[in-house]
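Here is my note on the model you sent. Keep the sequence and the 3D view open while you read.

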Amino acid sequence: MNIENKNIVNLNLKKDEKILDFSDFQKQSIKFDINKLQEAYNQIVQTKKFEDGGGIAHFGAISLTQIPGDPDSVKGSKARGVYWTKPDKSGKEVSRDISIDESAYSEFIPDYENTYFKEVFDTLSSKYKLGRVRILLKEPRSTLSWHRDPEPRLHIPLITNPGCLMVIDNVAKHMPADGSVWVTNNTKYHNAFNGGEENRVHLVACVLDYKFN
Ligand SMILES: [Fe+2]
């Protein structure tokens, strides 16, 4: 075998190693009307401001569900919730923020009952055991921490751009805003960033009964 052939063999081996596994991003069989989703979002942001999760940079959430009759259950840290991260060179895992009783967030907030999100919530609730349902903002040129969450998350992208990617483990994926529904394995280490110049907005629900292999 000459040198040229050896290189081809080695390149092929590397190619095999680079085959990506997207099984932590699972597209669901339901689909919603993207125009109605965006209209509902526009309706809500006319009167509601994003919660900053207790003063966290580049974090914004509008909760669509709450603990019945308890508007405080969606404020400050409760708009965010517990996660685990590896913040420094030691690689040691630490937990941040507060634990959330996801299953208690069963009430769709009455202020939004006249929006398309109510229909979306009812449909999703009939198919999944949901925890909190939030609209999450990711501002341009911003990222999350490298972290893992207690449970998988359901995503419906409302506004996005090609520079918005979610990274789970070492696999990155863009989820288009076309009414599709995704469940992502947030129990693995992950991140999301917006490398565009416009806001990225997703409807994100905690899913309590979804199992990844
Ligand atoms: Fe997360």
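The points below go from the whole chain to single residues.

1. **Start with the overall picture.** This is a predicted model. The chain holds 3 helices and 15 strands. Its C-alpha trace spans about 75 × 40 × 35 Å along the principal axes. Of the 213 residues, 30% are buried.

2. **Look at how the chain folds back on itself.** Take the contacts between residues at least 6 apart in sequence. Of these, 75% join residues at least 24 apart. S63 and F108 give a case of distant sequence positions brought together in space: they are 45 residues apart along the chain, yet their C-alpha atoms are separated by 9.1 Å.

3. **Stay with S63.** This residue sits in strand β2, which covers residues 60-63. Is S63 buried or exposed? S63 is buried, because 21 other C-beta atoms lie within 10 Å and the cut-off for buried is 20 or more. Leaving out residues up to four places away in sequence, S63 touches V74, A79, I109, R132 and R134.

4. **Check the annotated region.** An unreviewed UniProt entry lists residues 125-205 as "domain: Aspartyl/asparaginy/proline hydroxylase". In the model, this span is 54% strand and 4% helix. Its end C-alpha atoms lie 10 Å apart.

5. **Now read strand β14.** It runs over residues 190-194. In a regular strand, side chains alternate between the two faces of the sheet. Which residues of β14 point to the buried face? They are H190, A192 and N194. N191 and F193 point to the other face and are not buried.

6. **See what pairs with β14.** Strand β8, residues 142-143, runs antiparallel to β14 and is joined to it by 2 bridges. Here S142 stands opposite N194. Strand β11, residues 164-168, is also antiparallel to β14, with 5 bridges. In that pairing C164 has N194 as its bridge partner, and M166 stands opposite A192. N194 therefore appears in both pairings, because it is opposite S142 in β8 and is the bridge partner of C164 in β11, and a pair of strands is defined through such bridges.

7. **Compare the faces of β11.** C164, M166 and I168 form its covered face. L165 and V167 form the uncovered one. Two covered residues face residues from the buried side of β14: C164 is partnered with N194, and M166 is opposite A192. Both N194 and A192 are on that buried side.

8. **Follow β11 into its hairpin.** Strand β12, residues 171-173, runs antiparallel to β11, with 3 bridges between them. V167 stands opposite A172 in β12. The hairpin has 2 residues between the strands. What is notable about phi at D169? It is positive, near 60 degrees.

9. **Finish with the nonpolar core.** The largest one has 30 residues. L64, L124, L130, I135, L154 and A205 touch the most other members. Elements giving two or more residues include α2 (34-45), α3 (116-127), β7 (130-138) and β10 (153-159). Strand β15 gives the largest share, 6 residues.

10. **Use L130 as a way in.** L130 is one of the core residues that touch the most other members. Setting aside neighbours within four places in sequence, L130 is in contact with L124, S125, A205, C206, V207 and L208. L124 and A205 are also named among those best-connected core members.

Key. Residues are numbered from 1 along each chain as its sequence is written. This is a predicted model: local features need pLDDT of at least 70, side-chain atom pairs count only at pLDDT 80 or more; totals for chains, interfaces and linings use all residues. A residue is buried if 20 or more other C-beta atoms lie within 10 Å of its own, exposed if 12 or fewer, and partly exposed in between; C-beta atoms are placed from the backbone. Two residues are in contact if their C-beta atoms, placed from the backbone, lie within 7 Å. UniProt positions are given in the numbering used here, feature names are shortened, and annotations may be inferred rather than shown by experiment. A nonpolar core is a set of buried Ala, Val, Leu, Ile, Met, Phe, Trp, Tyr and Cys residues joined through C-beta atoms within 7 Å.
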